[in-house]
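User: I'm new to this one and keep tripping over the terms. Could you walk me through what they rest on?

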Amino acid sequence: MLRVRFAPSPTGFLHIGGARTYIFNWLFARQKQGTMVLRIDDTDVERNTEASRQSIFEGLRWLELPWDELYSQSERSALHREAAGAILAKGLAYRDFTPLGGQAEEGEKDRSGAPWLCNPGQREISREESDRRAAAGEPFVVRFRVPRETVAEVRFGDAVYGGQGRSTGDIEDFALARSDGAPTYHLASCADDADLRISHIIRGQDHLTNTFKHVLIFEALGVKPPEFAHLPLLLAPDGAKLSKRRHGQVVSVTAYREAGFLPHAFINFLSLLGWSPKDNREILTRQELIELFSLDNINRSNAVVSFQEGVADWPDPKAMHLNGQHLRALAIDDLLPYVEAELRAADLWTGPDPAWFRATVDLIRSRYTTLKDFSRRGVAYFSDRFEMEPTALERLNALGARQLVAELGERLAATEEFTEQSVEAQLRALAAERGVKAGVIINAARAALTGQSVGPSAFAVFRAVGRERAIARLQAAGC
RNA sequence: GAGGACGUUGGCAAGCGGUCAAGCCGCCAGACUUUCAAUCUGGAAAUCGCGGGUUCGAAUCCCGUCGUCCUUACCA
């Protein structure tokens with residue numbers, strides 16, 4: 001049974017790198033009929049925040065990619081202590097009584113020589129002495145006894161980066177438990193992965209070198225290590241790792257939601273960062289993504305998210321393009337709920353006639369790229385609170401267009417029939433009578449009806465706006 | 001400093017020893033159109049980080065070098 005997990009630590013909002021990791025795990029799990037585990041790695045009590053925890057749930061829920069099981073590491077500390085105790089009992093770890101800060105006291109770490117491996121003498125303390133000092137209350141940190149005498153190299157295979165090996169002489173005696181008894185990330189993570197029977201660990205490449213330690217822990221626990229797949233990192237345009245501090249909101253998942261992204265379009269965009277189906281296809285449905293996803297097709301090089309740094313928090317242009325594509329490709333009925341939510345959020349929801357709403361959304365969506373466009377560029381369709389844009393004003397001011405538009409309004413008011421065909425006939429008749437190009441009135445009418453110089457076919461706009469509102473707007477534009 | 005990973009046009013990304021190095025986004029132009037978008041067509045943009053080597057032939061193999069990133073905490 002395949003089981004994967006996403007294990008964020010709640011120390012900041014959910015960023016797009018984390019979201020991509022979750023997406024890859026989810027896709028893999030769904031493809032293999034496996035289980036998606038969400039585990040909040042909150043072992044660092046100091047840095048955890050409830051807001052961050054909520055941000056993770058909020059972001060993940062928005063993606064509409066549900067997890068199957070949920071855990072919090074803080075609720076499993078008994079398991080972690082037990083694991084640390086077991087490794088210690090086996091002699092594969094030892095207590096280090098070096099006072100806290102013993103290393104860092106000299107200030108800057110000495111980077112000029114061989115790497116630090118362990119504190120002198122601590123490895124050799126006998127079990128009896130160790131037990132005695134611990135019982136006496138002397139503080140200690142539990143360190144893994146990296147088997148340098150018996151094992152020359154630690155190895156593991158990575159589905160993305162291939163076979164990895166590292167000399168035990170390059171692996172320091174890392175901590176398993178802190179002096180307050182709390183487990184470290186490495187221990188808690190591995191103990192949980194073992195207990196939760198995680199079969200594949202798919203995570204960021206920043207953990208690639210940590211994996212040697214993890215392999216050691218799994219083996220010490222008497223468990224076969226899971227399969228590993230490390231993902232290339234996501235970088236900012238300047239090549240730096242994405243960070244909230246430096247790059248602001250663009251790196252947070254909620255920023256995309258607020259920018260009017262369709263969850264799936266965002267997923268599609270992220271799935272193409274560090275992975276590709278290799279067959280030129282890019283606009284992919286969720287089902288296609290599930291079917292096509294493969295660990296083998298994950299790249300090894302880091303990918304840059306191309307947002308405009310400094311200018312504004314503007315998403316990657318390709319993400320925008322993908323969103324526009326999905327906005328058009330989605331079955332209209334599947335799109336409606338998103339548009340309704342957007343209009344409600346913008347206080348533009350008036351509970352319109354479903355058939356009208358459906359037709360109108362379908363009419364205008366072809367030139368929109370985000371959900372935000374419905375509440376901004378689309379205001380004139382859903383409310384009367386719209387403003388005349390400068391370019392629209394130009395249309396109205398052309399060649400006495402205002403008078404023509406007002407007259408068209410009067411003629412429409414005098415007729416009962418109001419269809420795209422009837423309006424067009426009347427408009428063209430008016431143009432012919434006045435010796436004006438129909439286009440002038442058409443463009444002016446669109447401007448009067450929507451406040452914009454661009455938009456759908458003007459006659460379709462008449463139908464969408466409706467007879468009463470159209471007449472009123474035409475006449476208002478006349479004066 | 002040490003260990004590791006990576007380096008194909010502005011971004012994503014095909015390519016895995018053999019045509020003028022795919023495709024997408026973005027950019028420019030044309031077509032279509034009552035406008036815009038979409039769509040279609042065309043264009044500009046890469047000495048495949050750099051230097052050696054192997055080979056009849058290298059982005060693809062080898063060596064070196066530079067750059068970037070990761071790890072090197074009682075943070076995850």
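Analyst: Here is how the main terms apply to this structure. It's a predicted model, where local features need pLDDT of at least 70, side-chain atom pairs count only at pLDDT 80 or more, and totals for chains, interfaces and linings use all residues. Residues are numbered from 1 along each chain as its sequence is written, while chains are lettered from A and ligands numbered from 1 in the order in which they are written.

User: Why is chain A called more spread out than a compact globule?

Analyst: The radius of gyration is taken over C-alpha atoms, and the globule rule is 2.2 Å times the number of residues to the power 0.38. For 479 residues that rule gives 23 Å, but chain A comes to 31 Å, well over it, so the chain is more spread out than a compact globule. Its C-alpha atoms fill a box of roughly 110 × 45 × 40 Å along the principal axes.

User: What makes a residue count as near RNA strand B?

Analyst: Its C-beta atom, placed from the backbone, has to lie within 6 Å of the strand. That picks out 61 residues around RNA strand B, with Ser9, Leu100, Tyr185, Ser301 and Ser457 the closest.

User: How do you know which residues Val405 touches?

Analyst: Contact means two C-beta atoms, placed from the backbone, within 7 Å. Leaving out residues up to four places away in sequence, Val405 touches Leu396, Ile441, Ala444, Ala445, Ala448, Leu474, Ala477 and Gly478.
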